[in-house]
Structure formats: structure tokens, C-alpha cells
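Here is a friendly walk through one structure, taken a few places at a time. Keep the 3D view open as you read.

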Number of protein chains: 2
Amino acid sequence: MSSVSRRSLLTGIGALGVGAVGVGGLVAADAAGSAAPTAPAPQIVPFRGQRQAGIVTQQQDRLTFAAFDVVTRNRSELVELLRTWTAAAESMTRGQQVPGGASQLQAPPADTGEAAGLKPGNLTVTIGFGPSLFDDRFGLAAKRPALLRPLPKLPPEDLDPHYTGGDLCVQACADDPQVTFHVIRNLARLGAGTVVLRWMQLGFGRTASTSSAQATQRNLMGFKDGTRNLRAEQAELIDQHVWVGAETDQPWLRGGSYLVARRIRMFIETWDRDYLGDQQNVFGRYKGSGAPLTGVSEFDTPDFAARDAEGGLVIPEDAHVRLAAPEHNNGTRLLRRGYSFTDGIDPTGNLLGGLFFIAFMRSPEQFISVQRKLGESDALNEYIQHIGGGLFACPPGVGAGQHWGQSLFA
Amino acid sequence: MSSVSRRSLLTGIGALGVGAVGVGGLVAADAAGSAAPTAPAPQIVPFRGQRQAGIVTQQQDRLTFAAFDVVTRNRSELVELLRTWTAAAESMTRGQQVPGGASQLQAPPADTGEAAGLKPGNLTVTIGFGPSLFDDRFGLAAKRPALLRPLPKLPPEDLDPHYTGGDLCVQACADDPQVTFHVIRNLARLGAGTVVLRWMQLGFGRTASTSSAQATQRNLMGFKDGTRNLRAEQAELIDQHVWVGAETDQPWLRGGSYLVARRIRMFIETWDRDYLGDQQNVFGRYKGSGAPLTGVSEFDTPDFAARDAEGGLVIPEDAHVRLAAPEHNNGTRLLRRGYSFTDGIDPTGNLLGGLFFIAFMRSPEQFISVQRKLGESDALNEYIQHIGGGLFACPPGVGAGQHWGQSLFA
């Protein structure tokens, strides 16, 4: 049942509908059951489990990310929505329609339909809770993890409030962009009256790898990105750097993770005029191979002490790879899951695009400390600006019968 | 040579660059020859030919579309840019870098690099000339086809000037969005000082089929789109409706086509609240199967005269499929090549997205007459609005040694 395509579920409407035109009756029963597969079918990432999918899951090619604000003041309405969202998300990850009973001519369809017939595309749907959710509206103030507070100002950022923050976030990743758009559109629809979209971002190409089975991709600066990223196969490092453990003051978050999103604009025209040698010095890597300037292959470990014949550092003092390296950040590492984005051009005719940075971590302090260091001296700062984003606490995975709000609202 | 991946060309930089760090010399010769393949390699659509690629080419999954304004007043600068663009576009369709000689540390790279290592993805790059190009700046006034004038106002449109018009347009289509973005970004870069981006649109999913080998896709209203579209296999109809012939007053355009682009917003939230029965009546088709309301299968011919037991038309008077049908438009047909798009949300929190409509035709009158009819009475008007677009004359294909401006500037 789980491998059935969306097409076969929806197609029935037409055939059965013929006889019903003009009479307004039922046109087709949605035959989709909800039995869990015994083994994952192709392109289906299991939705339920100890951890949320979409974190260490092998990174999919396309993203739609959304931040929502809660507009109801009613706690049970919010919980009910999380229950509804969970069922919808689970169904969509199986390549099935949003559940909603039999289709009726005299009612809006339960699913908006644009993903009907498309493959599941390894869809994952991941939820996070923003600091603002833990005010006095829903009785959650005592449930706020001490580490979940708005990020401090991290110069030289210039965050647009229209692309920043949110009570909730949803990350939809799949190998088909229509599948990810379909998720956000349907969750927004199901949430009407309870939540409202605060901002949304389409990511057209992955710029990181979360599995050693994946080749490294290039960001819009033309450089391989995330070569030193954590990989799912590094189980010990993942436990150490990604999953919230017993140290948290909020048991509901144990087994979860913090998500930091940053909408990073690249000043593409400026970058494109820069010399190859300068570009390579900015990153500390070769543009072609991705190798560190002290190496020959992408995965060679950078030799940060190496000096050239004139005595200068081969990897410059302000190179991105040096400043971001765990070696220079007390071993701090992040699990990155970013995507390239573009929203057309700005009013001056320059391309508006860059990196929609997403990273998962055990504590927001990991991002804050590294970004503070980068903000102070990264050579890349001449070519980029952080213009939006948010911090969210992602709860652990949901077990059978549970919903996204289970651990938080229990 | 043509099937070599971008990766292998760029990778050399890293390895050879090691010895060159700090000396500023050549780091790698770009070994990419330009010999044309004898037979098309996988994922490579031939760039040169009698017609431009990207029109009857089997529609690719992803789009980046850009309109440019020319900012130079110098005719030969413009011609030179078209020559440069042609070489760059041809190279990229082969999965190769933008040509530019050997890479040097002390110069900007000839190619921005983000498509290095990606497959060609059936990339096509198609150029068009807007009415505004034929003013007195470049001595082209006498070369303007009589049919190439700004589209008349077509109510209920509400075109945003920031997403409308342009002296030139470039349509980049491929199965990988990073490949299409790479094209527009590099053409904009090569054009700095000669042209400036006027607007740009990413299309994330195709909504039409231009080959009978392709399954029909769904638009963001959840309906199959373009079921009655022209297909490349219908050679006679394509000749009749798509290619400019001997009738044109401008010989340079013979064998070309007119491109109409329309940025069509869908009022998604309103649509999603509409009943299934109403949605089906708006289109005149079943949402599931795509069959006309008088049929059972997608490709059944609509019976526009059929009436139900109460004597009402089964396909309503104002249904989209009826008003757009060749049967009710003196046989007029278009070759559609549209894509779904989203640019996030609007200031009220509603989704900003819809259909980026592209169609090719022998005369703009084909679009004007059909759209005028739709604008007057299409039931769909309650749920959509045309908010941008343009009209462009696409020249015929380029032969060996020719460039995009060849026929126009000869």
C-alpha cells in the first residue's frame, strides 16, 4: 500500500465522477489505508521513529521551508492542528493524499492534488518550535529550554523581519520540488485560522551532503560546499554534536535537535568579478577539486600550519575553511543541510540569491560561537550577508499513534 | 568530448594549482574542444540547427527565465555580446564551461563554476527579441515585424512593470535547476555593461508536455495541464501554428516563433476552499483523471454540446476547456511550455505562486485572441490574475559559425 503512487488514488475521481455529475453525490472513496510498511518502499523515508526524519536522512535535492505564526489563543486548537498536520505529513511521505475521507463534489478536496501521480521522492517533513511559541499564550513558558532563545545579534547580519523568526517551522525536503511545495501548501491550508505563514523559502539545489554515499555539491559561489560536514555514518559524532541528550533542562526535547536557518545572500556580481586566486584564498580551497590549498584531493585534511616559500600561511588567516574548522572552534561541529536559492533580482538589477543555510545541532551555542568568529574575520563577509532565518527546537521523533506535539504538550 | 562532465574540466584546477599557489601563473588549460558531436550524446540537445532548441524540444522539468534591457547605445557592442552569448550557451548545453581560455589565478574565472560536475540535463537556451529593441537605438526600426508590438491590455490583467517587458529574453530549460540558473547567471555576467537584468523567474515544475512521450503534469490547482497542447510529433500542426513562415514582413524571422510569457498568479487559498464540483466545472474536466466532464479518459475529445438530464450543458458555458478550445477560437492553437512557480508569500501571508505561462506561436494574434476571450468570461478568472510577462520574437536557429543576432543584424 505504501508504494502506491498518488496517481492511482486520485484517478478514481474522474471515472466514478462521470455518473455523478450534476447530482452532487460522492465521487470516490479514498481507499488509502494507513498500514505502516514492514520495510521501506523505494523513495519512502519512514516518517515515524525515535528521531525525526529529515535531519540525518540522506539530503534530498529540493527544499520548501516555511515558518508559521500561531494566530489562535486556544491551546487545544493548536494541539489539534499538530495532530492533523502529523497525519497529513505522514501520508504525504508515503506518496499518498492528505487524508480526509471520501471526496465529495460539494466540499473542497482533502488534498490540493498537485502531487497526485508524483513519486514520494524520499520526502521528509520535519517540525520545529521557535522561542516565541513559549510565551504565555499556550501555557508553555515553563517548557521553554533555556537554550531556546532568540539568537543574539551576530554582526554583520542584516536580518529582514519578514524573513526571520516564527512560532513553528516546517522543513519539507524531497527530490521533487513539487512534492515539497505540496507539503507546505497543504499544511498552510489545514492550518487556516490557527496558524499563518510568516515566511517561506524554496531551495532549488542541495549544497550539503549528509551521507558518505553522496558526492559533494557546489554552492552558487561555484565551490564545493560541506566537504567537512558531519555524515550520518559518523554515529558517534552525530550523537555528540546533533542530538539533544540528558543535559537538557527540558525532557521533552531529549532526542531532538536545534535547527538554525539562515537566509544568506551572496553578492554574486561582486564575487564573479573576483580573481580565481582571491576566491580560492577566501575559502582556503581550490575551486575545481575542492581540495584544501595544502592538499590535492577534496577530502585531504587542511594543514593550517603550512607556509609557502615566502613564509606566508598557505591557507590564509581569514580563510573560511580555517575559521569554520572544528580545530579552531573547540571541536564544534554542525550537521549542515543547506540549499541554494534565488528569488529573482533586487531593485538594482542584481541577482537575489545565495545559500539557504540549515544546520542541526545539540545546542544553539554551537552555531553562535562559530558564527561569531566568522562574523568577526571571515574573508567571505565581503561577499555575503545574512538576511533572515530563525532558531527552532525540533522534538524527537513520533512513535506509533503519536503526533508532533506529543512530547511538548504531554 | 561532448559527453564529458563539467567536473572533469574544472577539477584540473585544483591538482595543477598546488604548484602554482603564490606565483600567479596559469593553473590549468581548459582542454574542452568545440568539435560538434556526430550524434547527440545523452542529455545533450543539439544547440545549432534550422530552428532554435527549447521550443518543440521535449519539455524539461525546470526553468530559469530572464528578461534583459540593453544599456549600451552601441550597436556593435550588442552584436558582440550576442556572439559571446551564443558561444557560452552552446558550450553550456554540452555540459561544458563557459569558454574563456586558460584559467588564471589573477583573473576572474571564465565560468562561475556552480554547474561543474552536473550533467547537461537536456539544457536548451532560447533567445527572443522584445518590441522595445526595435526603437532607434540600434538602427533596427525597419527590422521590426509588424506583429511585434507590445501586447494590448487584456483585462483583467494587472501587470507589474517590474515583471513585464524587456529588450531581450532568455529561456533556459533543463532537468536540473542549478543548470538553468547557471545559464542566466553567466549570461548576465557576460553582459555586464551591455545589458542589465530586468526580471527573472525560476520555474520549479513543468506544467505542459510538448511530446507525446511525456505524461501530462499537474498545475498548482491540482489539475492536469496542457492535455490538448500541441506535440512535437504533430509536424503539420506545428508548422501551421508555431513557426513563422513566408507571411512575415521580416525575412530574418522566418523559421522563428513568437514567445508569449505570462506570470499568472493563482489565488491559492481561495481555490483551495472551492468545492471539488465547482473546481471541475471551472476547468470542464475531472480533477483526478483529467478527462473532460463528458468523457472517461484524459485524452477523450470534449463533447461541448452534451447536456445532462436537466438540459444543462455538461461542460459549462464558462468552463476553461470550452473557451480555450480550438473549436471555439477559429482553430487557433498554441505550443505551451509553462512552469509552476512560487516566490514565497505576499505581505498578507498568502502564498505567492502560480503558473509561469510560456507559449510559442506563429503570430501573437493567436494568444491575443484566445486571451481576450478568456479574459471576458473564463470561470478561472476568479482564481487567477496575470501579473507580468512579455512578448518576444525568437529568431530561427543558428547554423555553424552563426550567432544569435545573425539573421537580425545581417
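## A guided look at selected places

Let us begin on the outside: N330(A) is exposed, with a relative accessible area of 82%. The model you see is a predicted one. N330(A) belongs to the loop between α7 (320–323) and β9 (335–336) of chain A. Its backbone deserves a look too, since N330(A) has a positive phi of about 55° although it is not a glycine. As background, most residues other than glycine have a negative phi, and most peptide bonds are trans.

Chain B offers another case of this kind. Phi of Q43(B) is positive, near 70°, and Q43(B) is not a glycine either. You can find Q43(B) in the loop between β1 (26–28) and β2 (62–70) of chain B. With a relative accessibility of 31%, Q43(B) counts as partly exposed.

### Backbone angles side by side

The table gathers some backbone angles for easy reference.

| Place | Angle | Value |
|---|---|---|
| N330(A) | phi | about 55° |
| Q43(B) | phi | near 70° |
| G284(A) | phi | near 80° |
| G95(B) | phi | near 80° |
| G349(B) | phi | near 90° |
| P155(A) to P156(A) | omega | about 5° |
| P155(B) to P156(B) | omega | near 5° |

The omega rows describe cis peptide bonds: one joins P155(A) and P156(A), and another runs from P155(B) to P156(B). P156(A) sits in the loop between β4 (124–129) and β5 (168–174) of chain A, while P156(B) is found in the loop between β4 and β5 (168–174) of chain B.

### Helices

Which way do α2(A) and α3(A) run relative to each other? The axes of helix α2 (residues 75–93) and helix α3 (residues 177–190) of chain A come within 10 Å and cross at roughly 155°. Angles over 145 degrees count as roughly antiparallel, and α2(A) and α3(A) are therefore roughly antiparallel to each other. Their crossing is right-handed. On the α2(A) side, the contact is made by L81(A), T84(A), W85(A), A88(A) and M92(A); on the α3(A) side, by H182(A), V183(A), N186(A), L187(A) and L190(A).

In chain B, helix α2 (residues 75–93) has 19 residues and reaches 27 Å from its first C-alpha to its last, close to the 27 Å expected. Among the buried residues of α2(B) are L78(B), L82(B), W85(B) and T93(B). The helix is followed by G95(B), with its positive phi.

Back in chain A, helix α6 (residues 276–283) is mostly covered, with six of its eight residues buried. The buried residues of α6(A) include L276(A), V282(A) and F283(A). G284(A), whose phi is positive, follows α6(A).

### Strands of chain B

Is strand β10 (residues 339–345) of chain B enclosed or open? Seven of its seven residues are buried, so β10(B) is largely enclosed by the rest of the structure. Two bridges join β10(B) to strand β7 (residues 205–206) of chain B, and the pair runs antiparallel. In this pairing, G205(B) has S340(B) as its bridge partner. β10(B) also pairs in the antiparallel sense with strand β11 (residues 351–361) of chain B, over five bridges. There, I345(B) stands opposite L351(B). The hairpin of β10(B) and β11(B) has five residues between the strands, and G349(B) takes a positive phi in this hairpin.

Finally, visit T124(B) in strand β4 (residues 124–129) of chain B. T124(B) is buried, with a relative accessible area of 1%. Leaving aside neighbours within four places in sequence, the contacts of T124(B) include V45(B), T57(B), T93(B) and C173(B).

Conventions:
Residues are numbered from 1 along each chain as its sequence is written. Chains are lettered from A and ligands numbered from 1 in the order in which they are written. This is a predicted model: local features need pLDDT of at least 70, side-chain atom pairs count only at pLDDT 80 or more; totals for chains, interfaces and linings use all residues. Side-chain values use heavy atoms; hydrogens and water are left out. Helices (H or I, at least four residues) and strands (E, at least two) are DSSP runs, numbered from the N terminus. The expected span of a helix is 1.5 Å times one less than its number of residues. Buried means under 20% relative accessible area, exposed over 50%, partly exposed in between (1.4 Å probe, protein chains only). Two strands pair if DSSP finds at least two bridges between them. Axes are lines fitted to C-alpha atoms, for helices over the stretch in contact, and angles run from 0 to 180 degrees between N-to-C directions. Angles under 35 degrees count as roughly parallel, over 145 as roughly antiparallel, 65 to 115 as roughly perpendicular and the rest as oblique. A crossing is left-handed if the near helix is turned anticlockwise from the far one by less than a right angle, and right-handed if clockwise. Contact means heavy atoms within 4.5 Å.
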